[in-house]
Amino acid sequence: MSKAFTRETDADDDADDVGGLPPLPAGGKNYITPGGYARLRAELLQLIDEERPKVVEVVHWAASNGDRSENGDYIYGKKRLREIDRRIRFLTKRLEIAEVTDPALHHGHDQVFFGATVTYAEEDTGVERTVTIMGIDEADSAQGQVSWISPIARALLKAREGDVVKLVTPAGAKDVEVLTVTYPQPR
């Protein structure tokens, strides 16, 4: 049967709508900072209020031109519309289950919680690294941010300055020492 006559299902759309993000732990919460929540919400509103109406207008115009089988504007407009709708569904689901946690509430503490910026040193090599523990949807490794479900974050959570924790990696277990713990200033 030709693919042109098969129906796409929501399950097909949802299978790849996470954009490479890891799934949430079963029964876990989607912790996110206020800034991350605002960025996701702004993206959702921009898609709904601006981008989707523009694409709908192009598809409507292209459909009114007649033959849709060879109409590039119509074909690619419909494809883009499916991509936008998939992203809207993903963002809506993530925002519904989001647990907004303000890391500034822990300002001045020396224990690692969500939102902490932690400098740690590997015991065997002495290499120092600094990471900020963020939500799954907002962590950017290029900026030194890790998600709270990552192995390093799980090892560091609840530790205090001066503690040595065991980090389990595919290369084996390492001991890391927590050097400093900081949080953003309250606003």
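This passage describes a helix, a sheet and a cluster of aromatic rings in a predicted model.

Helix H2 spans residues 34-63 and contains 30 residues. The distance from its first C-alpha to its last is 42 Å, which is close to the 44 Å expected at 1.5 Å a residue. The helix nevertheless carries a kink of about 40°, and this kink is centred on leucine 47. Leucine 47 is itself among the buried residues of H2, a set that also includes Gly36, Leu40 and Leu44 before the kink and Val55, Val59, Ala62 and Ala63 after it. The elements that cover these buried residues include strand E1 (30-32) and helix H3 (72-96).

Five strands form an open sheet in the order E5-E4-E3-E7-E6, and the pairing within this sheet is mixed. Its edges are formed by strand E5 (145-147) and strand E6 (164-169), each of which pairs on one side only. From one strand to the next, the twist averages 45°. Within the sheet, strand E3 (residues 117-122) and strand E7 (residues 172-182) run antiparallel and are joined by six bridges; threonine 117, for example, has threonine 182 in E7 as its bridge partner.

A search of the whole structure for aromatic pairs returns two. In one of them, tyrosine 31 and phenylalanine 114 are arranged in a tilted manner, with a distance of 6.0 Å centre to centre and an angle of 40° between the planes. Because tyrosine 31 lies in strand E1 and phenylalanine 114 lies in the loop between strand E2 (98-100) and E3, this pair ties together parts that are 83 residues apart in sequence. With a relative accessible area of 27%, tyrosine 31 is partly exposed, whereas phenylalanine 114, at a relative accessible area of 10%, is buried.

Tyrosine 31 also pairs with tryptophan 148, here in an edge-to-face arrangement with 5.1 Å centre to centre and 80° between the planes. This pair likewise links distant parts of the chain, since tyrosine 31 belongs to strand E1 and tryptophan 148 to the loop between E5 and helix H4 (151-156), the two residues being 117 residues apart. Tryptophan 148 has a relative accessibility of 12% and therefore counts as buried, the cut-off for this class being under 20% relative accessible area. Through these ring pairs, Tyr31, Phe114 and Trp148 are linked into a cluster.

Methods
Residues are numbered from 1 along each chain as its sequence is written. This is a predicted model: local features need pLDDT of at least 70, side-chain atom pairs count only at pLDDT 80 or more; totals for chains, interfaces and linings use all residues. Side-chain values use heavy atoms; hydrogens and water are left out. Helices (H or I, at least four residues) and strands (E, at least two) are DSSP runs, numbered from the N terminus. The expected span of a helix is 1.5 Å times one less than its number of residues. The bend at a residue is the angle between axes fitted to the seven residues ending there and the seven starting there. Buried means under 20% relative accessible area, exposed over 50%, partly exposed in between (1.4 Å probe, protein chains only). Contact means heavy atoms within 4.5 Å. Two strands pair if DSSP finds at least two bridges between them. Axes are lines fitted to C-alpha atoms, for helices over the stretch in contact, and angles run from 0 to 180 degrees between N-to-C directions. Rings of Phe, Tyr and Trp (its six-membered ring) pair if their centres lie within 6.5 Å; planes under 30 degrees apart count as stacked, over 60 as edge-to-face and the rest as tilted.
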